[in-house]
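Grab a pencil and work through these exercises with the model open beside you. Each one sets a task and then walks through the solution.

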Amino acid sequence: MAVQLNFNGPQRKTVKDLEGGEHEYTTRPNESMYFLNCKDAAITVNSRCCKVSIENCKGSKIAIKYTPITSFCEIVNCDGVDVVLEDNVNLHTISIDQSESITIHVNKAVEQLEKVWWHKVSNVKVKAKGSEGDGFLLDKVPGNNKIQKFQHVCKPQPDGTFTKEPVMRENGYPITEKEKIVFDAKQEEFDQKMMAIVKESIRIEKK
């Protein structure tokens, strides 16, 4: 079933309460696609949109055929959801929150994914096409099968593995320890330059 969505102005198009069946949606680049309370549905986003949001969905498959304008996809309170990125789709960030059994299907993770954020999740995987096994389990911690309560970020590497780092909150924004070190160094350098400018202006005024 193909559906053409037509509406004016930047806004979010909500598609909710789908149960079973195959569904295709076409929308505009400045419009976000929001899927809510869908169950056992096969969904295809057939055009470029602003971003893709998936909330409270179960047993569903969402295929994204074009890179969203924001290069962002978010998954919240979902269970048993597969997100399929077509070969030409490149996402900067996938955010997964309070969800279980989520699989991200890609062609080559290192080319299609910049990072994956997750918080309070279990059994979250990235699976490359043609790869053996069940995919790379992002939230796996040796000796700990409980839901991960702290936010993490992972980044794909050329060898097919992922680096994984915990995330902290800095002024309300998520940031990794490495990013914070770089940010703090740049901030200190900026402060020193500003101090030098102030001192120089004071010296000139005294002359």
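**Exercise 1. Work out whether K51 is buried or exposed, and find its salt-bridge partner.**

Step 1: K51 is partly exposed, at a relative accessible area of 24%. Here buried means under 20% relative accessible area, exposed means over 50%, and partly exposed is in between (1.4 Å probe, protein chains only). Step 2: the side chain of K51 meets that of E74 in a salt bridge, at 3.2 Å from N to O. For the term to apply, a side-chain nitrogen of Lys or Arg must be within 4 Å of a carboxyl oxygen of Asp or Glu. Step 3: place the two ends. E74 lies in strand β8 (residues 72-76) and K51 in the loop between β5 (42-45) and β6 (52-55), so the pair ties together parts that are 23 residues apart in sequence. Helices (H or I, at least four residues) and strands (E, at least two) are DSSP runs, numbered from the N terminus. Step 4: E74 is partly exposed too, at 23% relative accessibility.

A quick note on ground rules: this is a predicted model, where local features need pLDDT of at least 70 and side-chain atom pairs count only at pLDDT 80 or more, while totals for chains, interfaces and linings use all residues. Numbering runs from 1 along each chain as its sequence is written, and side-chain values use heavy atoms, with hydrogens and water left out.

**Exercise 2. Find how many salt bridges the structure holds, and describe the one made by E189.**

Step 1: the count is two. Step 2: E189 pairs with K193 through their side chains, at 3.5 Å from N to O. Step 3: E189 and K193 are four residues apart in helix α2, so about one helical turn separates them. Step 4: E189 is partly exposed, at 43% relative accessibility.

**Exercise 3. Stay on helix α2 and say which residues make the nonpolar surface patch with M194.**

Step 1: M194 lies in helix α2, which covers residues 177-206. Step 2: together with F190 and I197, M194 makes a nonpolar patch of about 300 Å². Patch members have over 30% relative accessible area and no salt bridge; like charges are joined within 9 Å, and nonpolar side chains (Val, Leu, Ile, Met, Phe, Trp, Tyr) within 5 Å. Areas come from the Shrake-Rupley method with a 1.4 Å probe, and for residues only the protein chains shown count as cover. Step 3: check M194 against that cut-off; its relative accessible area is 38%, so partly exposed is the right label.

**Exercise 4. Count the disulfides and explain why C38 is in none.**

Step 1: the structure holds zero disulfides, the term being a pair of cysteine sulfur atoms within 2.5 Å. Step 2: for C38, the closest cysteine sulfur is in C57, 4.2 Å away, and that is too far for a bond. Step 3: C73 is in no disulfide either, as the nearest cysteine sulfur, that of C49, is 8.9 Å away. Step 4: look at cover. C38 counts as buried at 2% relative accessibility, and C73 is buried at 1%.

**Exercise 5. Name the residues that touch the most other members of the largest nonpolar core, then list what I75 touches.**

Step 1: the core has 34 residues, and F35, I54, I75 and I104 touch the most other members. A nonpolar core is a set of buried Ala, Val, Leu, Ile, Met, Phe, Trp, Tyr and Cys residues joined through side-chain atoms within 4.5 Å. Step 2: leaving out residues up to four places away in sequence, I75 touches I54, V83, I94, S95, I96, D97, S99, I102 and I104. Contact means heavy atoms within 4.5 Å.

**Exercise 6. Find where Q98 and N123 sit, and give their phi values.**

Step 1: most residues other than glycine have a negative phi. Step 2: Q98 has a positive phi, near 50°, and its place is in the loop between β10 (91-97) and β11 (100-106). Step 3: N123 also has a positive phi, near 55°, but lies in strand β13 (residues 122-128). Step 4: Q98 is partly exposed at 42% relative accessibility, and N123 is partly exposed at 32%.
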